[in-house]
Each structure stands twice: as structure tokens, then as C-alpha cells.
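Please open the model in your viewer and keep the selection panel at hand. The tour moves from one selection to the next and says what is to be found at each.

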Amino acid sequence: MIRVENLTKTYGLTAAIQDVTFEVGKGEILGFLGPNGAGKTTTMRIIAGFFPATKGHAYVAGYDVLEKPLEAKRRIGYLPENPPLYSEMTVDGFLEFVARIKGVEWNQVRRRTQEVKEQCGLANHGRRLIKHLSKGYKQRVGLAQALIHEPEVLILDEPTVGLDPKQIIEVRELIKGLGGKHTVILSTHILPEVSMTCERVIIINNGRIVAVDTPENLTSQLAGGLRIEMEVTGSIDELVNQLRAMPGIRNVLAQPGVGDHYRVIVEAKGDQDLRNQLARMVVESGLELYELKRQAMTLEEIFLKLTTEEEAAA
Amino acid sequence: MKNYLALTFKELKSFFVSPIAYVVLAVFFGVTGYFFYIILSFYVEQAVMRQFGGPTSMAMDVPSMVMQSFLGVLSTILLFLLPMITMGSFADERKQGTIELLFTSPVTNAQVILGKFTASVLFILLMFLPALLNTGLLFFYSDPPPPLSPYLVGLLGAILLSAALLSVGFFVSSLTENQIVAAAVTFGVFIILWVIDASAGSSTTVTNETLRYLSVLNHYEDFTRGILDTQHIVFYLSFIVLGLFLTSLSLDSAKWRK
């Protein structure tokens, strides 16, 4: 439903996102997880057609958002981080206007407005001026305008920010209910939020995708500890077997490197530092050790930057 | 077409939920009314004095003189008030973030711009209504009543002039997020366009002719005299097209710069 290929967006010399590639299937709810400033909003804005990418392409329902913007945008409901609301309008007036410019048939505008108001808990707020609504209700109006033309694709940028805990739960339930019928991309910097709502998660940091997985797998990976990378020469088969047999090690990957060098990546459980033991093992098994390092940015470190506490979200 | 109508309608509505529109309307009503009174009294007084001035006196065409002066004053008032109508058009959408809604909706730049433009022109027409009442008095109380066509030509001129200035205002507003900056710059540009021919010397070099041609006021004068000349209509229409086209370019470039 959504296909993103090698998206890169640069501002002057700094890159907001680099080579972002992913796909979202029909009816799937995809979480976009990353610390603030990781490039989530930039990616979503490109898909929604707000601005073009410097490089790469984004397709929605098979339409390139840059080449066929109207076709693509008709199929997208987009809730930006700050809901774009005309504060001087009433909720009804605003939703009816959005329905019209999003291509809802004019004789269906009233009906759709009523429907999304009920869906988003705004049934009694139709005649209120948007500027008099609280943050939580403004967010609901934002969500309602994204849903009003029954888009196949929903792009929600931090949909639960600024809501109180009760509202957060309601909005999450609402989003969960949208899966299946709509394809949803949802960004957040709150870890529990994705595990509650999403079927698949993309973790993005410093403008690059660092992991794509189900929330369960990511959580179990999170329970695991360090990743240590070694560069060695010699016959590594025995070493690999030895490592695999070692307690506290979850996975060992060996890849040929430059010349007769090999890269061995060891994933340890827990957070004990195995570097000294590994160094000794390599030397004792008669191999030459060229390099041994912890991987620069592990998932755990990215997760540390994320909000893991539910309270912080409220 | 439907998108365009929806956008026009929304813009019209948004005029009347903001206090700016009411203030502009009230100021315009008051000032034009006052000037109409001054101008009318002045010419009536002149005419009366001439009547008693002796055998050399000539009859004066009071209604057409009043119209001509009044249309001249009208253009000056527009110069001051139009920046306030256009200042928010795009600057405020950018500031409030609602431009994000427009840019991610299945509407084209042209629909957005033309929607805003149509709404503003309609607003100008509404603004002119009381002026029509004022000047309408000339038809009731003059004997014989003045011919209608010069009057309509003058009105057309005022509308074309306003529309041309609006398109400039839109362009300036699309360049910034700040309404006050937009208003100030728009006002500055208006004044330059107004008096650009002042820098032209009396000789008929190409530069001088061009400067004279660019003055928006020069093209307006024939309208106030009741002269309908297609060259002026073409000037204003191309001016409007250029202004709106630049606005569209500016919106596009804002997307690329973001």
C-alpha cells in the first residue's frame, strides 16, 4: 500500500533522513519509533506530499506522491504533529470544509461529518469554536479531519501527544480499530505505545532505519545485551563453535571481510561485558585479533533515548 | 471546480470571523463617506458661485466632476486598506500550520490561490457597496441625470485596480509567516507601483515610457474619466495573472525549501 524507496532529505548540508526504504502492506499498522529529531516527521511529510524528497520515491497505492500528487493525496489521511486547524471555525464548519477539499461528494459531507464526530468522541462539540477546545479535543478534531474522506492510508504523527491518560487509551483503541480497513503509519517516541497498537515497528535514528521488526521481537532483543564486533584472521570455524557453546551468548555471525580477514559479530545476553573473555578466546584458539569493539549504536542505546515510561507521555 | 468553490467559500467565511474584515469595512465606509461629502459640497459650491458670477459663467458638469474626484480618492484609500486584506492570506496559513492541511489535500496551488483571490475580490465588491449608494445619489438629484456608462467604467476601473493590487499582496504574503511584515512590504510595493512614473523624465526614451507604463495609477486615470480603453484592461489583467503566478511559484519554492 505504501512503498518508500531510498528517501533522502537534506537541508543544506545536513541530512534529515538518509536512504529510508520500507513497505507497508494493506491493512497493516506500522509504528515509526525514534527519539525526537530522528526524522520521523520528515519521512511522514514526504509520504503525505507536504514537501518533496531530495532523492528517492514514495508511492501510495501505487501512485508516486510527487508525480501524481492528487491521486495519492486523495487516498491519504494525514494528522501532522500540530493539528492544522482553523481556530476561528466551528468543529462542524471545519470538518465540512475538509471533507469538501478532500473530495467527499457534497451530498455526503454532512453524513461523513456526523460519522467522524461520533468516531472521535466529538458528537457534542460540533458547534464549538475550535479555538475554545482543549488540547485533547483539538487532537480529536485533527484525527477526525484525517478520517473524514475514508482514506486507504492514514499517516498519524504523534497522535497521542498532549492527551491525558484516559484520552490516550481511547485514541489507541481507535487506531487499533482502524487496522484492517485502513493502512496506518503512526509515529511515536513512546515505546509502550507501539507494542500496544502496532503489528510492525521501524526504528529510526539520526535519519536512518536501524531496525524493522515486530514489537515482540524488538522487546526480546532489548532483553539481550551487547553486540561485539571482532576482526580476525585464521580458521574461524572452531572459534564460532566455541562461542556458540559459551554460556551467555545468544547469537554469533561470521562474515568474510577484506582479504583473509573475517568479521565476527557476537550478540551477548544480559549486559555483562564479554570483551576481555572474547579477546582471550581468540588468541588462545590461535587466531590473530585485529579489532574488537562494541557496536557503535546498538538498539538498546536508541531505546534508552526513547521514552519508556508511560507517565512521561501523559 | 468543487475544490475551488469550497476554498472560496471558506475564505469568504473566514473574512467574517476575523475582526480585521469588519474594521476594514467600517474604516472604508466612514472614510469614503466623508470624502464623498467633502467633494460633493465643494463642487456644488463652485457651481453655485459660477451661476452668480456674471455673464462669462459657464455651466459645470457637477456629477461627472464629483465622480472623477471621488474615484481618485477611492484609489488612495484602497492603497492603504488593501494590504490589510491580503496580509494574512498566506502568512497566517503558514504561521498556523494550516498550510500543511492545504498542501496535503488533493487540491492544486491554482485552486487554493484562485479561491483566495475570488473571495477577496468579492469582499472588495462588498466594500464598494456603500460607495455605490453615495454616488447613486448623483443620479437621483441631478437634473438631467448623468449618463450611466462613465460611472460603470469608473467602477470597473476601481475593481480592476483593486484586483491587481490584491494579487501583489498575495505574492508578498506568500513570502513570509509574519502578517505585519507582509502588510508593511505590500504597502511599500504599492507605493512604488503608484509613483514609479515620477522617476521618469519628460523625454520619451524607452526607460521613461516603460516606467510610465508600469504605474498602476496611470492606467486608472482613463477609467475615472469614463474612458474605456482595452490597453488598460489588458494591463490590469496581465498584472493579475503575473501576481498570482508569482504567488504560485513562491508557494512551490516554499515546499522545496522546507
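The stops below go from a sheet to the cores, then to a helix and the contact between chains.

This is a predicted model, in which local features need pLDDT of at least 70 and side-chain atom pairs count only at pLDDT 80 or more, while totals for chains, interfaces and linings use all residues. Residues are numbered from 1 along each chain as its sequence is written, and chains are lettered from A, with ligands numbered from 1, in the order in which they are written.

Select first the strands of chain A, where four of them form an open antiparallel sheet in the order E2-E1-E4-E5 (strands are DSSP runs of E with at least two residues, helices are runs of H or I with at least four, and both are numbered from the N terminus; two strands pair if DSSP finds at least two bridges between them). At the edges are strand E2 (14–24) and strand E5 (63–64) of chain A, each of which pairs on one side only. Strand E1 (residues 2–11) of chain A pairs with E2(A) in the antiparallel sense over seven bridges, and Thr10(A) stands opposite Ala15(A) in E2(A).

Next, select the nonpolar cores, which are sets of buried Ala, Val, Leu, Ile, Met, Phe, Trp, Tyr and Cys residues joined through C-beta atoms within 7 Å; a residue is buried if 20 or more other C-beta atoms, placed from the backbone, lie within 10 Å of its own. The largest core has 119 residues, and Ile47(A), Phe94(A) and Ile155(A) have the most contacts inside it. Its largest share, twelve residues, comes from helix H7 (residues 148–173) of chain B. Another core, of twelve residues, lies apart from it and includes Ile228(A) and Leu278(A).

Now move to helix H8 (residues 179–195) of chain B, whose 17 residues should span 24 Å at 1.5 Å a residue, and whose end C-alpha atoms are 25 Å apart, which agrees (the expected span is 1.5 Å times one less than the number of residues). Among the buried residues of H8(B) are Val185(B) and Phe190(B).

Finally, display the contact between the chains, which takes 20 residues from chain B and 21 residues from chain A (two residues are in contact if their C-beta atoms, placed from the backbone, lie within 7 Å). On the side of chain B that touches chain A, the largest share, seven residues, comes from H1(B).
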